Amino acid sequence: STNKLQFFSSQDILLLSEKNSKRELSEYKNIAKVNKFYYPLTILFTVCLITANCAATKLCDIGGFIVPGGIFLFPLLYIINDVLTEVYGFSDSRKTIWTALLCNLLFTGFLYSIIYAPYPQYWLEQESFVAIFSLSPRIFIASISSYLLGETTNALILSFLKLKFRGKFFAIRAIFSTF
């Protein structure tokens, strides 16, 4: 069904639409060229998400507005997600979202357990470390709700608009879905 194609990457569609005997070597090369950016983009997306959550503990005064430091990275997350959805499809974008979420959960769990690890008496920064990083579970819980809802909705809207506009007007689709 054509309305279900949005959930498959171009590689999945190729595998579903052709028989193995008819494929040419050049098609495999083109798929490999496109796919070589998927993992670096997924890593960049994951690092930006974790960094945004760490930076959320720092408050910044921007023209009289007090904002968390992580707010500067979230637009980059949406741009990377738009590129992933556009190039690799909704299903691969969703994999990246879930991968980043799992990595963020692990990071938060490890960091929170390190807070309460024994420390030497001469280390005078324990109180500061606890004050800053004890917020990480709360930040994770707050960001997970907006992250799952926002990133998934963004990818879904971008995929829907891609079908609606037949792959044209990427900039308009990306801005609208991010908005």
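**Helix 5 and helix 7**

I looked up how helix 5 (residues 90–115) sits against helix 7 (residues 136–164): their axes come within 10 Å and cross at roughly 175 degrees. An angle over 145 degrees counts as roughly antiparallel, so I noted helix 5 as roughly antiparallel to helix 7. The model is a predicted one.

I then listed the residues that make the contact. From helix 5 they include Phe 90, Ile 97, Trp 98, Leu 101, Leu 105 and Tyr 112. From helix 7 they include Pro 137, Phe 140, Ile 144, Tyr 147, Leu 148 and Glu 151. I sorted the residues of this contact by type and found 15 nonpolar, eight polar and one charged.

**Aromatic pairs**

I searched the whole structure for aromatic pairs and found seven. I took down the geometry of Tyr 38 and Tyr 39: the ring centres are 5.2 Å apart and the planes stand at 75 degrees. Planes over 60 degrees apart count as edge-to-face, so I entered the pair of Tyr 38 and Tyr 39 as edge-to-face.

Are these two tyrosines, Tyr 38 and Tyr 39, buried or exposed? Tyr 38 has a relative accessible area of 10% and is buried. Tyr 39 is exposed, with a relative accessible area of 59%.

I next looked up Phe 165 and Phe 169. Their ring centres lie 5.9 Å apart with the planes at 85 degrees, so I entered this pair as edge-to-face too. I checked the accessibility of Phe 165 as well: at 36% relative accessibility, Phe 165 counts as partly exposed.

I also noted an aromatic cluster, which is formed by Tyr 119, Trp 123, Phe 129 and Phe 133.

**Strand 1 and strand 2**

I turned to the hairpin. Strand 1 (residues 59–62) and strand 2 (residues 65–68) run antiparallel, and I found four bridges joining them. Which residue of strand 2 stands opposite Ile 62? I found Phe 65 there. For Asp 61, I recorded Ile 66 as the bridge partner in strand 2.

I closed the entry with the turn of the hairpin. Two residues lie between the strands, and I noted that Gly 63 takes a positive phi near 60 degrees.

Note on methods
Residues are numbered from 1 along each chain as its sequence is written. This is a predicted model: local features need pLDDT of at least 70, side-chain atom pairs count only at pLDDT 80 or more; totals for chains, interfaces and linings use all residues. Side-chain values use heavy atoms; hydrogens and water are left out. Axes are lines fitted to C-alpha atoms, for helices over the stretch in contact, and angles run from 0 to 180 degrees between N-to-C directions. Angles under 35 degrees count as roughly parallel, over 145 as roughly antiparallel, 65 to 115 as roughly perpendicular and the rest as oblique. Contact means heavy atoms within 4.5 Å. Ala, Val, Leu, Ile, Met, Phe, Trp, Tyr, Cys and Pro count as nonpolar, Asp, Glu, Lys and Arg as charged, and the others, Gly among them, as polar. Rings of Phe, Tyr and Trp (its six-membered ring) pair if their centres lie within 6.5 Å; planes under 30 degrees apart count as stacked, over 60 as edge-to-face and the rest as tilted. Buried means under 20% relative accessible area, exposed over 50%, partly exposed in between (1.4 Å probe, protein chains only). Two strands pair if DSSP finds at least two bridges between them.
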